Structures are given as structure tokens and as C-alpha cells.
Amino acid sequence: RVEFGIARRGQLGRIDALLALAQAGSGDMLLITGPAGIGKSVLLGVAGERAHLAGMQVLSGRGRELEGGFSFGVARQLFEPLLAGAVGTKRDALLAGAARRALTALEDETGAPPPMAGGDPSFAVVHGLYWLAVNASRTAPVLVAIDDLQWADHASLRFVLYLADRLAGLPVALAVYAVTRLRRRT
């Protein structure tokens, strides 16, 4: 069990409010920033635990500096476990409609890897990832939790921005954590 001070209790209150909104079908986003080493990752873990306890699905990913050159690296972390655990009609339901286009980011129909970074991901692929999140939320509200967003690849960032702009009316919560750098005074 992790104990938090007053400041953290306020952040936990914001997380609880975010999760409650998603459970009520009115998604929103929470962005937490701060310098490295202040416990943002622990807070993200607690958010995931609270979401699980509330019966929500948790899709989690983390930006990594060394993986920034691979398109959809964070998106793959979010959705590959979801699809790996789905078979038959459950998988078909997740990939219904435009969500099938998400397979281009995850692994296309031929099993080819996603495109390398530098190329602009097509609208259809980003839109497909959005619909994959929407379809996932039809069975239970979803928490999309991303740590170290500052290291995420361009294609995944584009997806996150696209999703964030369309959360209203969805049972989807988006919790994003990013490191800010301290500025030197001169």
C-alpha cells in the first residue's frame, strides 16, 4: 500500500473524478506533468489499480526514448494485449467497422510490421485506433494510461491527440503523464 501526502490526495481525487466520468459515459483527459523522480509513474499505477477495481479495462503504455523511432510504439503497447486476449466474436467486435484499420498500426493483415517513424500516419489508421478504443469501451469503460508521453513516437502522439479531442460522450478516460524539465535561472 502506498501512502500519499495532501498534494497527492488531491491528484488522486482528480483521478477518481476522471474514472467516474468515464463510468458515467462522459470521457475526459487528465494531464499530469512534473520533473523526473516525483512519483508520476506510481500515481499512474494507482490510477490503473483503481480503474481495475471499478471494473474498467486498463490499456497502458509508456514512451521510451529508444523506441521513439518506431511508429505506433505506444499504440502497440496499448492495444496488442487487448487483441491478444480476444478471440472469435470478441476479436471481431473489437475490430468492427473502421477499427479494422488499426491493424495497419499493430500488424497489418499480411503480418507486416507497422511503418517506421518519419512517415505521416494515415488518417485512416489513426481513426482506426480511435475506433478500437471505442469498441473496447462497449464492454466496460476504459482507462487509457500513458506514462512518459514526452518519449512517445510521432504516430502514437497523433493518435493520442485525436482520441483526446473526441472523448466527450465516451466511456473512455485518458490519463497522460509527462516529464517537464526544470529551467535554469540565468
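Start with burial: of the 186 residues in this protein, 44% are buried. The model is predicted, so keep your confidence colouring at hand as you go around. The surface left exposed comes to about 9900 Å², with carbon and sulfur atoms supplying 55% of it.

**Stop 1: the whole chain**

Switch to a cartoon view and follow the sequence. You will pass seven helices and four strands, in the order α-β-α-β-α-α-α-α-β-α-β. Now think about what touches what. Among contacts with a separation of 6 or more, 79% are between residues 24 or more positions apart.

**Stop 2: the largest nonpolar core**

Select Phe79, Leu129, Leu132 and Val144. These are the residues with the most contacts inside the largest nonpolar core, which has 40 residues. Which elements each supply at least two residues of this core? Colour them one by one: helix 3 (73-84), helix 5 (103-106), helix 6 (123-136), strand 3 (142-147), helix 7 (154-164) and strand 4 (172-179). Helix 6 gives the largest share, eight residues.

Zoom in on Phe79 and show its surroundings. Leaving out residues up to four places away in sequence, Phe79 touches Leu59, Leu106, Leu129, Leu132, Ala133 and Phe159. Two of the names you selected a moment ago, Leu129 and Leu132, turn up again here.

Next, select Leu18, Ala22, Ala145 and Tyr177. They are included in a second, separate core of 18 residues.

**Stop 3: helix 6**

Return to helix 6 and display it alone. Its 14 residues reach 20 Å from the first C-alpha to the last, close to the 20 Å expected at 1.5 Å a residue. Bring the rest of the protein back. Why can helix 6 be called largely enclosed by the rest of the structure? The reason is that 10 of its 14 residues are buried. To see them, select Val125, Val126, Gly128, Leu129, Tyr130, Leu132, Ala133, Val134, Asn135 and Ala136.

**Stop 4: aromatic rings**

Show all Phe, Tyr and Trp side chains. Four aromatic pairs are found in the whole structure. Begin with Phe123 and Tyr162, an edge-to-face pair with 5.6 Å from centre to centre and 80 degrees between the planes. Phe123 belongs to helix 6 and Tyr162 to helix 7, so this pair ties together parts that are 39 residues apart in sequence. Tyr162 counts as buried, at 11% relative accessibility.

Move on to Tyr130 and Trp131. Their ring centres are 5.4 Å apart and their planes stand at 80 degrees, so this pair is edge-to-face. Is each partner buried or partly exposed? Tyr130 counts as buried at 10% relative accessibility, whereas Trp131 is partly exposed with a relative accessible area of 26%. Select Phe123, Tyr130, Trp131 and Tyr162 together and you have one aromatic cluster.

Before leaving, add Arg166. Its charged end sits over the ring of Tyr162, 3.5 Å from the ring centre.

**Stop 5: helix 2 and what follows**

Select residues 40-53, which make up helix 2. At 1.5 Å a residue, its 14 residues should span 20 Å, and the end C-alpha atoms are indeed 20 Å apart. The buried residues here are Lys40, Leu43, Leu44, Val46, Ala47, Gly48 and Ala51; note that a lysine is on that list. After helix 2 comes Gly55, whose phi is positive, near 85 degrees.

Continue to strand 2 (residues 57-62) and pick out Val58. This residue is partly exposed, with a relative accessible area of 23%. Which residues does Val58 contact, leaving aside neighbours within four places in sequence? They are Gly48, Ala51, His52 and Leu143. Gly48 and Ala51 are both among the buried residues of helix 2. For a distance to draw, join the C-alpha atoms of Val58 and Leu78: they are 20 residues apart along the chain and separated by 8.6 Å.

**Last stop: helix 1**

Finish in helix 1 (residues 6-23) by selecting Ala17. Ala17 is partly exposed, with a relative accessible area of 41%. Draw one more line, from its C-alpha to that of Asp28. These two lie 11 residues apart along the chain, with 9.6 Å between their C-alpha atoms.

Methods. Residues numbered from 1 in each chain as written. Predicted model: local features only at pLDDT ≥ 70, side-chain atom pairs only at ≥ 80, totals over all residues. Heavy atoms only, no water. Buried < 20%, exposed > 50% of the residue type's maximum accessible area, 1.4 Å probe, protein only. Contact = heavy atoms within 4.5 Å. Areas by Shrake-Rupley, 256 points an atom, 1.4 Å probe, with all protein chains shown as cover. Core = buried A, V, L, I, M, F, W, Y, C linked by side-chain atoms within 4.5 Å. Expected span 1.5 Å × (residues − 1). Phe/Tyr/Trp six-rings, centres within 6.5 Å; stacked < 30°, edge-to-face > 60°. Lys NZ or Arg CZ within 6 Å of the ring centre and 35° of its normal.
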